[in-house]
Amino acid sequence: MATASATPLYFRLVVRLLRPFPDFDFGFIKPVRARAAALLRLAEGHRVLDVGCGPGGSFPFLRAAVGATGEVVGVEISPVVAQLAQARIERHAWTNVRVLTAPAESVPLAGQYDGLHMFAAPDVFASESALAHLLPRLRPGARIAFFGAKTSERRFGWMLNPLLRLLFPRLTFATTPVPDAAPWKPLAPHLTDLAIHELFFGWMFLAAGTYAPAAGPTG
């Protein structure tokens, strides 16, 4: 995939601004990243996949969770964005964090992982082909946490749903699923104790559950 086509429009618009600031992240999103990392219930020595890692905004939280003896493996389809993640790794001299530049559907992975983190990565958590490649790399009982956009069913929230549906395909990939009321449905059958938390007036969600290879549909 060409570099331009592998980089969503919203990143192409800001990538030059981000290059001098490897640690930049929006203040309002950091607590959500911290919460997502906590939902993975990682421990010292664990291995965690951060698929659709972007510039590595969640790396500090995931690395703190797995400690010095664990490993954080980021996966990012865009070479441009992966360079930002690599710059963050080098700035902090993290020796147990790395980023792989590849599609989630075919990224080469070795061994088993104790957690799967997908933050603002609907092309991954809503993709059957991506899940078919990633889930076998998880040990039974591994935790999965994922965050993304959804349509709101709250009072007055529905008024902005058409705008969300309009903008989403323009800012992301052409293949990115347009948000609906339950974007977690493709992943739900693979999880037990799936918990969903609505955020930002119902236009975002944070979900987490425990991977069970033979799990039945949830809720």
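Okay, a quick definition to start: strands here are DSSP runs of E, at least two residues, numbered from the N terminus. One thing to keep in mind as we go is that this is a predicted model.

So, let's begin with Asp50. You'll find Asp50 in strand 1, which covers residues 47-51. Now, which side chain of opposite charge is nearest to Asp50? That's Arg33, 6.2 Å away, and Asp50, though buried, has no salt bridge. The cut-off for a salt bridge is 4 Å, so Arg33 at 6.2 Å doesn't make one. As for who does touch Asp50, if we skip neighbours within four places in sequence, the contacts are Ser58, Phe59, Leu62, Val73, Gly74, Val75 and His117.

Next up, helix 4, residues 79-92. Its 14 residues, at 1.5 Å a residue, should span 20 Å, and the end C-alpha atoms are indeed 20 Å apart, so the two agree. Which residues of helix 4 are buried? Those are Val80, Val81, Ala82, Leu84, Ala85, Arg88 and Ile89. Right after the helix comes Ala93, and Ala93 has a positive phi, near 55 degrees.

Last stop, Thr210. This one sits in strand 7, residues 204-211. Is Thr210 buried or exposed? Its relative accessible area is 14%, and the cut-off for buried is under 20%, so Thr210 counts as buried. The side chain of Thr210 also shares a polar contact of 3.0 Å with the side chain of Arg143. Arg143 shows up again among the contacts of Thr210 beyond four places in sequence, along with Gly141, Ala142, His190, Leu191, Thr192 and Asp193.

Terms used. Residues numbered from 1 in each chain as written. Predicted model: local features only at pLDDT ≥ 70, side-chain atom pairs only at ≥ 80, totals over all residues. Heavy atoms only, no water. Helix = DSSP H or I, 4+ residues; strand = E, 2+ residues; numbered from the N terminus. Buried < 20%, exposed > 50% of the residue type's maximum accessible area, 1.4 Å probe, protein only. Lys, Arg positive; Asp, Glu negative; His and termini not counted. Contact = heavy atoms within 4.5 Å. Expected span 1.5 Å × (residues − 1). Polar contact = N/O pair within 3.5 Å; in protein donor to acceptor, adjacent residues only side chain to side chain.
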